[in-house]
Amino acid sequence: MEPGNLQKNLRLLTSYADSIAGICRRLDVNRQQFHRYLSGSARPSVRRMQRICDFFGVEESEILMDHTQFREIIAIRRRTGAPVDPLGTFIAGLHRINPRSTRQLEVYLGFYYTYFRPVEFPDLVLRSLISVFSRAGFVYCKTIENYSAIKRRSRRILKYTGILYHTGERIIVHEREAHVGQMMWTTVLLPPRPDQTSVMSGLTLGVSSGIGRDVACYRVIWEALGDQVDLRAALAGAGLYDLNSPVIPQDIRAAISNDATDREGAFVARPWVNALK
């Protein structure tokens with residue numbers, strides 16, 4: 001590898017982007033540090049190199065190759081056109097509306113239990129485990145739902161992947177079931193007050209995992225577990241519980257009730273109020 005190829009190739013890739021500031025924001029890298037990569041005065045770590053390659057859609061072996069060859073490869077790819085990703089473009093657009101989204105979500109990284117009453121099991125509470133993490137300038141989540149208590153289900157463990165963004169007022173979560181992809185959910189969460197940072201309430205709307213694939217909307221609670229957990233124990237706590245189970249706190253049980261009062265006039269999210277205070 002000729003010295004300077006990485007510098008030249010990285011400069012070529014950035015020339016196709018809207019701005020270096022946008023690249024740095026999505027890569028979650030300091031702008032001054034990124035300029036050092038462009039000038040050749042510093043080299044990315046192994047982990048950051050992988051993130052840069054993933055971001056630009058190239059292999060590490062390609063970004064390190066002779067600049068003339070690399071320029072030809074990029075020119076061919078641009079002529080053939082990259083696959084259109086309308087959802088990715090949509091999400092990126094949301095982040096441009098609120099460029100502080102990732103920073104505002106930093107305090108929410110970690111693990112959560114979520115609680116709601118699924119339409120296919122109205123007398124039970126589903127407690128799921130969610131991991132919220134940051135990567136390449138965006139905030140993602142992974143969810144595990146455990147239906148092992150229901151023997152007749154063909155799939156007793158469901159996994160979802162999703163992305164979060166902060167509108168400046170609310171937190172939006174888009175998720176898709178990872179195996180078949182037919183179940184998709186959108187959740188809107190009310191950020192907690194400063195004195196109630198461990199719990200968020202909101203509404204979740206999507207396609208249920210039941211045979212009928214019902215379109216359902218539930219009240220939902222996210223209960224923070226922290227950024228370091230005993231993963232085995234946390235997974236063991238995920239599952240279906242009887243509505244009166246002592247495992248489900250009384251205030252959470254009340255908060256996920258899917259009733260609507262006459263004064264509400266619609267099915268709305270209710271701000272979290274700890275009933276035991």
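This is a short tour of a predicted model, stop by stop, with something to select at each one.

**The whole chain**

Start with everything shown as a cartoon. The chain holds ten helices and nine strands. Colour by burial and you will find that 42% of the 277 residues count as buried. Switch on the surface if you like: the accessible area is about 15700 Å², and carbon and sulfur atoms account for 52% of that. For a sense of how the chain folds back on itself, take the contacts between residues at least 6 apart in sequence; 52% of these join residues at least 24 apart.

**Helix H2 and its surroundings**

Now select residues 20–27, which form helix H2. Which residues of H2 are buried? Show side chains and pick out Gly 22, Ile 23, Cys 24 and Leu 27. What do they pack against? Add residues 5–15, 31–39 and 46–56 to the selection: these are helices H1, H3 and H4, and the buried residues of H2 pack against each of them.

**H2 against H4**

Hide H1 and H3 for a moment. The axes of H2 and H4 lie 11 Å apart, and the two helices pack at an angle of about 120°. An angle between 115 and 145 degrees is neither roughly perpendicular nor roughly antiparallel, so H2 and H4 are oblique to each other. Their crossing is right-handed. To see the contact itself, display Ile 23, Arg 26 and Leu 27 on the H2 side, with Arg 51, Ile 52, Phe 55 and Phe 56 on the H4 side. By class, this set has five nonpolar residues and two charged ones, with no polar residue.

**H1 against H4**

Keep H4 and bring H1 back. These axes come within 11 Å and cross at roughly 40°, which makes H1 oblique to H4. Is this crossing left-handed or right-handed? H1 passes H4 in a left-handed crossing. For the side chains, select Leu 6, Leu 10, Leu 13 and Thr 14 in H1, which meet Met 49, Ile 52 and Phe 56 in H4. Six residues of this contact are nonpolar and one is polar, while none is charged. You have seen Ile 52 and Phe 56 already, in the contact with H2.

**H1 against H3**

Swap H4 for H3. Here the axes of H1 and H3 come within 7 Å, crossing at roughly 120°, and that makes H1 oblique to H3. On H1, show Gln 7, Leu 10, Arg 11 and Thr 14; on H3, show Phe 34, Tyr 37, Leu 38 and Ser 39, which they meet. This contact is made up of four nonpolar, three polar and one charged residue. Leu 10 and Thr 14 appear here and also in the contact of H1 with H4.

**The turn after H2**

Step just past the end of H2 to Asp 28. This residue sits in the loop between H2 and H3. Why stop here? Most residues other than glycine have a negative phi. Asp 28 is not a glycine, yet its phi is positive, about 60°. With a relative accessibility of 42%, Asp 28 counts as partly exposed.

**From Asp 28 across to strand E2**

Keep Asp 28 on screen and select Ser 134, in strand E2 (residues 124–135). How far apart are their C-alpha atoms? The separation is 8.9 Å, although the two positions lie 106 residues apart along the chain when counted as sequence distance. Asp 28 is in contact with Ser 134, as are Thr 102, Leu 109 and Val 139, leaving aside neighbours within four places in sequence. Ser 134 is partly exposed, at 32% relative accessible area.

**Asn 146 in strand E3**

Next, select Asn 146 in strand E3, which covers residues 138–146. Its relative accessible area is 15%, under the 20% limit, so Asn 146 is buried. Beyond its sequence neighbours within four places, Asn 146 touches Leu 126, Arg 156, Ile 157, Ala 238, Gly 239 and Leu 240. Draw a C-alpha distance from Asn 146 to Leu 158, twelve residues away along the chain, and you should get 6.6 Å.

**Last stop: Gln 69**

Finish on helix H6, residues 67–80, where Gln 69 is found. Gln 69 is partly exposed, with 45% relative accessible area. From its C-alpha to that of Asn 9 is 9.9 Å in space, for a separation of 60 residues in sequence.

Notes:
Residues numbered from 1 in each chain as written. Predicted model: local features only at pLDDT ≥ 70, side-chain atom pairs only at ≥ 80, totals over all residues. Heavy atoms only, no water. Buried < 20%, exposed > 50% of the residue type's maximum accessible area, 1.4 Å probe, protein only. Helix = DSSP H or I, 4+ residues; strand = E, 2+ residues; numbered from the N terminus. Contact = heavy atoms within 4.5 Å. Areas by Shrake-Rupley, 256 points an atom, 1.4 Å probe, with all protein chains shown as cover. Axes fitted to C-alpha atoms, helices over the stretch in contact; angles between N-to-C directions. Parallel < 35°, antiparallel > 145°, perpendicular 65-115°, else oblique. Left-handed = near helix turned anticlockwise from the far one by under 90°. Nonpolar A, V, L, I, M, F, W, Y, C, P; charged D, E, K, R; others polar.
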